[in-house]
Amino acid sequence: MSVAYLDEGKVLEHPLHFGVGAVIVMLLLAAYGISRSIKGPDSPLRNPHASVGVAILCLYTIQTFFGLSIQPSEFLKPAF
C-alpha cells in the first residue's frame with residue numbers, strides 16, 4: 001500500500017486488487033490467531049485453520065492474476 005502511495009499517490013487506483021489484498025491480510029491474521037489457539041492434535045480448531053489456509057492459497061492465485069492485469073504490457077512480453 002505504501003509503495004502505491006509513494007509511486008503514484010493513488011492507493012485505490014485498482015480497488016479489486018486492493019480489496020483482495022486486504023482480505024488476504026485479514027485471513028492471514030485469522031490463521032495466526034487460530035493457530036495460537038490450537039492446543040494439541042485433537043483440537044477442534046484444526047479444520048477451521050486448514051480451511052483458512054486453503055482460502056488464502058486460492059486468493060493468492062486470484063491476486064496474482066489481478067496484479068498481472070495492472071502491469072504495463074511491455075513487462076509481460078518475453079525478453080528474448
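Modeller: Let's start with a word you'll need: a residue is buried when its relative accessible area is under 20%, and exposed when that value is over 50%. Keep in mind that this is a predicted model.

Colleague: Okay, before using that, how do I get an overview? How many helices and strands does the chain have?

Modeller: Begin with the elements and their order. Here there are four helices and zero strands, so reading from the N terminus you get α-α-α-α under the helix and strand assignment used. Then look at the cover: of the 80 residues in the chain, 14% are buried. The chain exposes about 6300 Å², with 68% of that supplied by carbon and sulfur atoms.

Colleague: How should I read a single helix, say helix 2? How far does it reach from its first C-alpha to its last?

Modeller: Compare the span with the expected one. Helix 2, with 23 residues, reaches 33 Å, close to the 33 Å expected at 1.5 Å a residue. Then think about which way residues point: an α-helix has 3.6 residues a turn, so residues three or four places apart point the same way.

Colleague: And which residues of helix 2 are buried?

Modeller: Val 20, Ile 24, Ala 31 and Ile 34. Take Ile 24: its relative accessible area is 6%, which is why it counts as buried.

Colleague: What does Ile 24 touch, leaving out residues up to four places away in sequence?

Modeller: Leu 59, Tyr 60 and Gln 63. For Leu 59, sequence and space tell separate stories: Ile 24 and Leu 59 are 35 residues apart in sequence, yet their C-alphas are 6.8 Å apart. Another pair to look at is Ile 62 and Val 20, 42 residues apart in sequence with 8.1 Å from C-alpha to C-alpha. Across the chain, 52% of the contacts between residues at least 6 apart in sequence join residues at least 24 apart.

Colleague: Gln 63 came up there. Is it buried or exposed?

Modeller: Buried, because its relative accessible area is 14%. Gln 63 sits in helix 3, and beyond its neighbours within four places it contacts His 17, Val 20, Gly 21 and Ile 24. Ile 62 is in helix 3 too, but its relative accessible area is 37%, so Ile 62 is partly exposed.

Colleague: Now the core. How do I read that, and which residues make up the largest one?

Modeller: The general idea is that in soluble globular proteins, nonpolar side chains tend to be buried together. In this chain the largest nonpolar core has five residues: Ala 31, Ile 34, Ile 38, Val 52 and Ile 56. Helix 2 and helix 3 each supply at least two residues of this core. To see one member's surroundings, pick Ile 34: past residues up to four places away, it touches Leu 45, Pro 48, His 49 and Val 52.

Colleague: What about nonpolar residues on the outside? Which ones make a surface patch?

Modeller: Look for nonpolar side chains that keep over 30% relative accessible area and lie within 5 Å of each other. Leu 28, Leu 57 and Tyr 60 make such a patch, of about 290 Å². Leu 57, a residue of helix 3 (46–70), has 56% relative accessibility and therefore counts as exposed.

Terms used. Residues numbered from 1 in each chain as written. Predicted model: local features only at pLDDT ≥ 70, side-chain atom pairs only at ≥ 80, totals over all residues. Heavy atoms only, no water. Patch = residues over 30% accessible without salt bridge, like charges linked within 9 Å, V, L, I, M, F, W, Y side chains within 5 Å. Areas by Shrake-Rupley, 256 points an atom, 1.4 Å probe, with all protein chains shown as cover. Salt bridge = Lys/Arg side-chain N within 4 Å of Asp/Glu carboxyl O. Buried < 20%, exposed > 50% of the residue type's maximum accessible area, 1.4 Å probe, protein only. Core = buried A, V, L, I, M, F, W, Y, C linked by side-chain atoms within 4.5 Å. Contact = heavy atoms within 4.5 Å. Expected span 1.5 Å × (residues − 1).
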